[in-house]
Amino acid sequence: MLVSEVSGNAITGIEYGSPTVLTNMISAAFAKCFGTIHEKQITFDELFAPNASSVFLVYSEDYPRTDEEKDAAIQRAKSRLGEKQYCLTCNNCENFVTWALSIKPISIQWRDASTVRRFLGDFVTTLISEVLNAVHLLKQRYHPNVKLEILSKYVSFLKEECLQHLPENQFFDNLKKRVSSIKELDLLITIICTLLKIVNFLVESGDSLPKNVCEITKIVVCEIYSLLGYKRQLLEIFEKLDLWRKNLISTVDLLREMFKIGVLLAPTICFPHSVPFVRQIIKYSLIRAVASAVGGCIFDKAFSFIHAW
């Protein structure tokens, strides 16, 4: 955390993480879903209690020295309060603090971690995200709204009409199988949610038309792709690009995350879901977690080779 104030026997700190103390890699991976940048007070007794988490003091020559520089660093940190885009591998608590202090989002702990720890970090982070995404899909599938059944018949007709116009090749045949397996009620709810999100965005937005078009495209693409089971990966792409555009993650970390997401998307798009849904969740969550971890290792080895060369 970044200590912003010391008062009596307590400090005020700004940190990136879940409300509970992050004591190991598992809890840090869960922070991907629940982590937020927040401000909290902690006493010295709590900080240095026998059962408290270890305290690592991080120092760099680039860190602020004058009062003005320190105030600017604290203001930078406070400007991101409420952000919920924690990522153990590229946007963790150390990335946040080093960015606030030096405008360089670096995590020495992750950079110098062993291959095994980096593999486990990628695996656990992806697995947790996949399982939580699957829970959301289960909720969508098994809690239908009976009142929409009449409309779903028209959606079914519309869906079949659209599928007839897709080209004839293996890729689109697989895509047709995926779309055909989607319940019409799920599709109808997605259409309604998409329209509501677009209307809500247009009402609240005062930005220029080009930016509105980009945001609407993002909403439509993500909602449609959510039915095919890989909305989360697309949201990850948008989130990582946004962080990189704001200089909150490094270019290397962005490329590494994009490579991992690409490894996940390839099998998701090409192979139809033909196994029962619950078994499919377990199977594909594990496969994607392993694929993400392997993708991260491949990128690390390739980057090390290119850097050394």
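In this predicted model, E61 and R65 pair up through their side chains, making a salt bridge with an N to O distance of 2.7 Å. E61 sits out in the open, as its relative accessibility of 57% puts it in the exposed class. A little further along, D62 has a partner too: its salt bridge is with K104, and the closest N and O atoms are 3.4 Å apart. This one ties together distant parts of the chain, 42 residues apart, with D62 in the loop between helix 2 (44-47) and helix 3 and K104 in the loop between helix 4 (93-102) and helix 5 (108-111). Both ends are partly exposed, D62 at 46% relative accessibility and K104 at 41%.

Then there is the pairing of K40 with E15, where the closest N and O atoms come to 3.1 Å. Here again distant parts of the chain are linked, this time from strand to strand: K40 belongs to strand 3 (residues 36-43) and E15 to strand 2 (residues 10-17), with their positions 25 residues apart in the numbering. The two ends fall into separate burial classes. E15, at 16% relative accessibility, counts as buried because the cut-off for that class is under 20%. K40, at 25%, counts as partly exposed.

Across the whole structure, the search turns up 12 salt bridges. Some charged residues go beyond simple pairs: R118, D122, R256, E257, K260 and D300 are joined in a network of salt bridges.

Not every charged side chain is matched up in this way. On the surface, D67, E68, E69 and D71 gather into a patch of negative charge. One of them, E69, is part of helix 3, which spans residues 67-78. With a relative accessible area of 39%, E69 is partly exposed, and it can count towards the patch because membership takes over 30% relative accessible area and no salt bridge.

As for the overall picture, the protein is built from 13 helices and three strands. Of its 309 residues, 40% are buried. Links between remote stretches of sequence also show up in the contacts at large: among those between residues at least 6 apart in sequence, 68% join residues at least 24 apart. The accessible surface adds up to about 18300 Å², and carbon and sulfur atoms account for 65% of that area.

How values were computed. Residues numbered from 1 in each chain as written. Predicted model: local features only at pLDDT ≥ 70, side-chain atom pairs only at ≥ 80, totals over all residues. Heavy atoms only, no water. Patch = residues over 30% accessible without salt bridge, like charges linked within 9 Å, V, L, I, M, F, W, Y side chains within 5 Å. Areas by Shrake-Rupley, 256 points an atom, 1.4 Å probe, with all protein chains shown as cover. Salt bridge = Lys/Arg side-chain N within 4 Å of Asp/Glu carboxyl O. Lys, Arg positive; Asp, Glu negative; His and termini not counted. Charge placed at Lys NZ, Arg CZ, Asp CG, Glu CD. Helix = DSSP H or I, 4+ residues; strand = E, 2+ residues; numbered from the N terminus. Buried < 20%, exposed > 50% of the residue type's maximum accessible area, 1.4 Å probe, protein only. Contact = heavy atoms within 4.5 Å.
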